[in-house]
Amino acid sequence: MTVFITGTDTGVGKTAFSYELVKYWRTKGYDAIGLKPISTGGREDAIKLWEASDRRTSLDNLNPFYFPEPMAPAIAAELEGKFIHLMDVQKAIVHMVGSFSHVAIEGIGGWLTPLSRKWLLRDLVQILHCPVVIVAHTRLGYLNHTFLTIENILAADISIKGLILNQYASLGVVPMAIELIETRYNIPIALIDDFGKSPFRCPQWLEDAASNSL
Ligand SMILES: Nc1ncnc2c1ncn2[C@@H]1O[C@H](COP(=O)(O)OP(=O)(O)OP(=O)(O)O)[C@@H](O)[C@H]1O
Ligand SMILES: C[C@H](N)[C@@H](CCCCCC(=O)O)NC(=O)O
Ligand SMILES: [Mg+2]
């Protein structure tokens with residue numbers, strides 16, 4: 001199975017979640033890998049996913065496009081005199097997806113992050129035809145960001161596997177907040193605590209999807 005891990009913003013826990021998910025899949029015996037096709041401002045995310053993936057491929061395969069400036073890829077690439085071609089990114093991802101049983105592809109920033117003057121992250125996911133998992137950090141304002149993200153994904157006809165409400169304990173996500181999301185969009189939700197406090201538990205809906213894919 002392949003899932004695209006997107007978020008409501010940068011810094012919401014996409015890497016943290018993808019890292020735990022890939023490690024979990026591997027402990028279950030799946031040949032799983034985490035990809036970070038595009039990164040800016042360093043390769044830390046890619047290195048984390050590389051470690052979770054037991055370095056089953058090279059760092060360059062896992063993270064083929066990287067730019068030093070910590071900005072939107074469209075800007076970081078131009079500052080280097082480069083341009084991100086959507087088809088090149090798609091090709092690099094498809095090559096990896098074909099070699100592993102379980103793949104978590106981490107996006108970059110939020111859902112509409114610009115990859116170039118022409119393309120957004122959404123366009124990449126559209127041509128990949130893979131379902132998304134949305135990670136939302138539950139700091140105040142997350143409901144608005146979550147609704148905006150969900151609505152845009154659905155409008156693009158992309159399937160949503162589920163929503164991760166990350167570090168929910170810090171805000172104390174209340175039952176009504178969950179109800180507001182569930183009744184409006186009818187998507188599976190998982191609450192994820194701080195990994196320092198409690199061990200990772202794979203959301204049941206992701207678990208079911210993973211075993212069904214074999
Ligand atoms: N559930 C969690 N438990 C502990 N730490 C977390 C958790 N979620 C996120 N963090 C921490 O919060 C910070 C931001 O998370 P992370 O790097 O995963 O965000 P991101 O969405 O991948 O950001 P980017 O857009 O830069 O890729 C990191 O220091 C990460 O370790
Ligand atoms: C620098 C950040 N950490 C991240 C890029 C975030 C882009 C945000 C773009 C924006 O919406 O302004 N890079 C990355 O995930 O590789
Ligand atoms: Mg990240």
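Q: Which element gives the most residues to the shell around ligand 1?
A: Happy to start there, keeping in mind that this is a predicted model. The shell around ligand 1 holds 17 residues, with T10, G13, K14, T15 and A16 the closest. The element that gives the most to this shell, with 3 residues, is α1.

Q: How many charged residues does the shell around ligand 1 have?
A: Let's go through the shell by class. Around ligand 1 there are 9 polar and 5 nonpolar residues. The charged residues in this shell number 3.

Q: What is the largest C-alpha distance among the residues that the UniProt annotation "binding site" covers?
A: In the unreviewed UniProt entry, this annotation covers T15, D45 and E106. These residues are spread over 92 residues of sequence, yet they cluster in space. Their largest C-alpha distance is 8.9 Å.

Q: Is T15 buried or exposed?
A: T15 sits in helix α1, which runs over residues 14-27. A residue counts as buried if 20 or more other C-beta atoms lie within 10 Å of its own. T15 has 23 such atoms within 10 Å, so this residue is buried.

Q: Which residues does T15 touch, not counting those up to four places away in sequence?
A: It helps to recall the annotated set, where T15 appears with D45 and E106. Both of those partners turn up among the contacts of T15, together with a lysine. The full list is D45, K48 and E106.

Q: Where is E106 placed, and is this residue buried or exposed?
A: E106 belongs to strand β5, residues 102-106. Its contacts beyond four places in sequence include K14, T15, S18, D45 and L49. Because E106 has 26 C-beta neighbours inside 10 Å, this strand β5 residue counts as buried.

Q: Which element gives the most to the largest nonpolar core?
A: In soluble globular proteins, nonpolar side chains tend to be buried together. Here the largest nonpolar core has 55 residues, and those touching the most other members are I5, V22, L49, I134, V135, A136 and I164. With 7 residues, the element that gives the most to this core is α1.

Q: Which class has 7 residues in the shell around ligand 2?
A: Ligand 2 is surrounded by residues including T10, S39, T40, D45, P70 and T113. By class, 3 of the shell residues are nonpolar and 1 is charged. The class with 7 residues is polar.

Notes. Residues numbered from 1 in each chain as written. Chains lettered and ligands numbered in written order. Predicted model: local features only at pLDDT ≥ 70, side-chain atom pairs only at ≥ 80, totals over all residues. UniProt positions renumbered as here; feature names shortened; annotations may be inferred. Helix = DSSP H or I, 4+ residues; strand = E, 2+ residues; numbered from the N terminus. Buried ≥ 20, exposed ≤ 12 C-beta atoms within 10 Å, placed from the backbone. Contact = placed C-beta atoms within 7 Å. Core = buried A, V, L, I, M, F, W, Y, C linked by C-beta atoms within 7 Å. Near = placed C-beta within 6 Å. Nonpolar A, V, L, I, M, F, W, Y, C, P; charged D, E, K, R; others polar.
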